[in-house]
Amino acid sequence: MDEKEMFVKAYKAMALSRALDRKIVMAQRQGRVGFYTPTIGQEALQIGLSMALENEDIVYQYYRDVPFMLHRGVPPATIIDQIMGNSSDIEKGRQMPSHFSSKQYNFMSIQSPVATNLPPATGAAYAIKYRKKNNIVVTTFGDGSTSTPDFHAAMNLAAVFDLPVIFLCENNKWAISLPVEKQTKVEIWKKADAYGMKGLKVDGNDLFTMYETAKKEVERVRKEQKPVLIEAVSYRIGPHSTSDDPNKYRTAEITDGSEKDPLTIAEKKMIEHNYLTAEEIEKIKSDAKDNIEKIFDEREKLPAPSPDTMFTDVYEKNNWIIDEEKEEIL
Amino acid sequence: MSSKQLNMVQAINSTLDMLMKEDDSIILLGEDIGKDGGVFRVTEGLQAKYGSERVIDTPLVELGIVGMAIGMALTGLKPVPEIQFQDFIFTAFDQIVNQAAKMRYRSGGEYNVPMVLRTPYGGGIRGGLYHSQSGEAYFAHTAGLTVLSPSNPYDAKGLLISAMKSKDPIIFLEPKRLYRSIKSDVPDEKYSIPIGKAALVHEGSKMTFVTYGSMVPIVVNTVTKHSIDADVIDLRTIMPYDGETILNSVKKTGKLIIVHEAPRTLGMGAEISAFIGERAVDYLMAPILRVCGPDIPFPYKLEEYYMPNEGRILKAINRVQEFR
């Protein structure tokens with residue numbers, strides 16, 4: 001794939017993700033979706049990194065990484081199935097929306113407590129290194145996660161054992177209602193220094209800058225087998241979740257479709273580089289919207305998983321206690 | 001069939017050695033387990049034999065040890081993390097309860113965590129509040145975890161072999177009081193003790209004892225010394241416990257005494273008592289009794305008052321004997 005094709009693919013994923021985000025937020029307001037954590041504003045940084053990765057690289061992501069998943073090839077229908085918790089959902093309707101999982105695309109299953117994906121990411125990297133494989137591990141988290149013991153533990157372990165892990169901090173400046181200035185006294189990327197690992201800051205709102213940085217770092221981590229902390233600065237354009245009202249605690253710095261919106265920035269650059277025309281961009285956006293509408297309507301019709309699925313996958317094989325409880329309830 | 005007289009430390013050590021020799025996906029990790037061989041010497045000599053990549057001296061971070069082990073398990077390895085004392089496990093509790101235990105379920109069965117977390121537990125070594133706790137109920141209360149506790153070197157080997165074959169996370173609780181205090185004949189060959197199956201370690205007809213871990217020898221000795229006609233059931237697997245064996249015995253004897261070191265309230269004794277109450281109340285000829293640790297933190301200087309002993313077990317025996 002040449003540069004142009006790469007960026008066109010990336011832009012398409014951004015547009016698709018934005019369309020999906022808008023649709024799900026709308027559907028939640030209409031009472032058709034239970035809950036969602038919008039990803040709007042974080043498309044460029046996720047996709048910029050995704051562009052630099054191989055399929056075999058393993059991602060321990062968090063709950064705001066739909067753009068990342070779409071770019072790596074996870075079908076929008078799979079994302080929507082999880083959000084609806086329907087009979088086609090990989091997770092069998094067990095997790096609330098935004099807690100995705102896809103073994104096929106090397107995405108780990110997501111948990112709600114933040115940063116708890118970081119220590120396992122170091123273990124995955126240890127396993128890769130032990131088996132002398134060439135893939136690397138990426139783990140993503142928000143700025144709030146950098147205050148947790150899990151962040152500290154994982155950063156320290158990755159550095160001590162020289163593990164091929166990219167710690168991608170998606171600094172969207174807000175942890176629900178707490179601004180990043182109240183989360184930490186130092187810039188996040190600088191924390192790397194204290195662990196003996198490389199740290200850097202990048203404009204996460206610019207797809208092109210993000211890709212350039214990510215490409216270098218992915219290559220270096222793969223070659224040197226050493227971790228890096230990338231702080232990608234962006235902005236959470238939407239609320240923390242559909243249950244949150246940000247008007248209570250902040251005035252929006254960036255809004256959907258404004259000049260500083262990463263989608264707008266990407267569009268400007270796509271035109272500058274002659275990768276896409278303004279008309280092509282409009283077409284991509286309206287196709288994405290139609291596509292998502294169609295898929296959503298189709299997936300919404302699917303039934304809930306059958307009740308007996310509730311009692312599987314606790315263990316490889318059910319024990320007598322679960323069997324007895326299943327018998328009583330169903 | 002050749003065998004050796006081993007204590008529990010030696011039995012676990014030689015079992016790990018045997019399994020590591022044939023499977024290079026087995027990785028041990030924990031604090032001071034390598035060069036130092038672990039504070040109880042359970043992993044003595046294994047780093048020298050298998051290298052520091054497979055027997056990893058980790059930084060001092062329990063949540064990191066368990067978290068890392070989970071990632072290893074998800075990437076094709078078979079990690080055996082050690083938490084130096086079960087009392088230190090709580091900073092890793094989220095990794096155990098929210099990550100390891102729920103991984104298979106929450107991923108729709110796509111991911112699983114085959115990990116055997118070893119940790120010494122219980123009192124009797126003058127460890128005070130933070131080197132003596134018996135926290136099995138915390139883990140038994142979490143769907144997705146399997147909780148094992150051997151009471152002798154023979155079982156330690158057989159249970160560990162079964163644990164290592166499991167595709168699910170196992171909490172392997174080692175009663176540290178028994179590490180070196182008893183020896184048993186341990187065959188050199190590989191054998192396994194099935195998960196979920198209790199052992200009837202003393203047979204009788206007048207009452208049933210259910211116990212596990214460090215309390216097993218104390219109950220058996222008391223029953224033998226005083227010629228009590230009792231079944232003594234060693235659970236071996238705390239979760240899922242062997243309800244069938246308990247039920248059959250209580251139906252036969254009509255009397256049940258549960259003995260464990262952990263605090264009484266909401267301990268395994270409460271669960272087993274409810275289990276029998278639901279299924280065999282019409283067979284009972286006496287109240288179900290529990291002989292347990294009290295609901296206080298584990299004391300240092302006065303630990304012999306804390307731990308169930310012969311005197312307290314005899315009192316319970318006398319009480320159920322009053323009912324005919």
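**Exercise 1.** Is the crossing of α8(B) and α12(B) left-handed or right-handed?

The model is predicted: local features need pLDDT of at least 70, side-chain atom pairs count only at pLDDT 80 or more, and totals for chains, interfaces and linings use all residues. Residues are numbered from 1 along each chain as its sequence is written, and chains are lettered from A and ligands numbered from 1 in the order in which they are written.

Solution.
1. Locate the helices: α8 spans residues 215-225 of chain B and α12 residues 310-321 of chain B. Helices (H or I, at least four residues) and strands (E, at least two) are DSSP runs, numbered from the N terminus.
2. Their axes are 10 Å apart, at an angle of about 60°. Axes are lines fitted to C-alpha atoms, for helices over the stretch in contact, and angles run from 0 to 180 degrees between N-to-C directions.
3. That angle makes α8(B) oblique to α12(B), because angles under 35 degrees count as roughly parallel, over 145 as roughly antiparallel, 65 to 115 as roughly perpendicular and the rest as oblique.
4. The crossing is right-handed (near helix turned clockwise from the far one by less than a right angle; anticlockwise would be left-handed).

**Exercise 2.** Which strands are the edges of the open sheet in chain B?

Solution.
1. Five strands of chain B form the sheet, ordered β9-β11-β10-β13-β14, with mixed pairing. Two strands pair if DSSP finds at least two bridges between them.
2. β9 (199-202) and β14 (289-293) of chain B each pair on one side only, and are the edge strands.
3. β13 (residues 256-263) of chain B runs parallel to β14(B), joined by five bridges.
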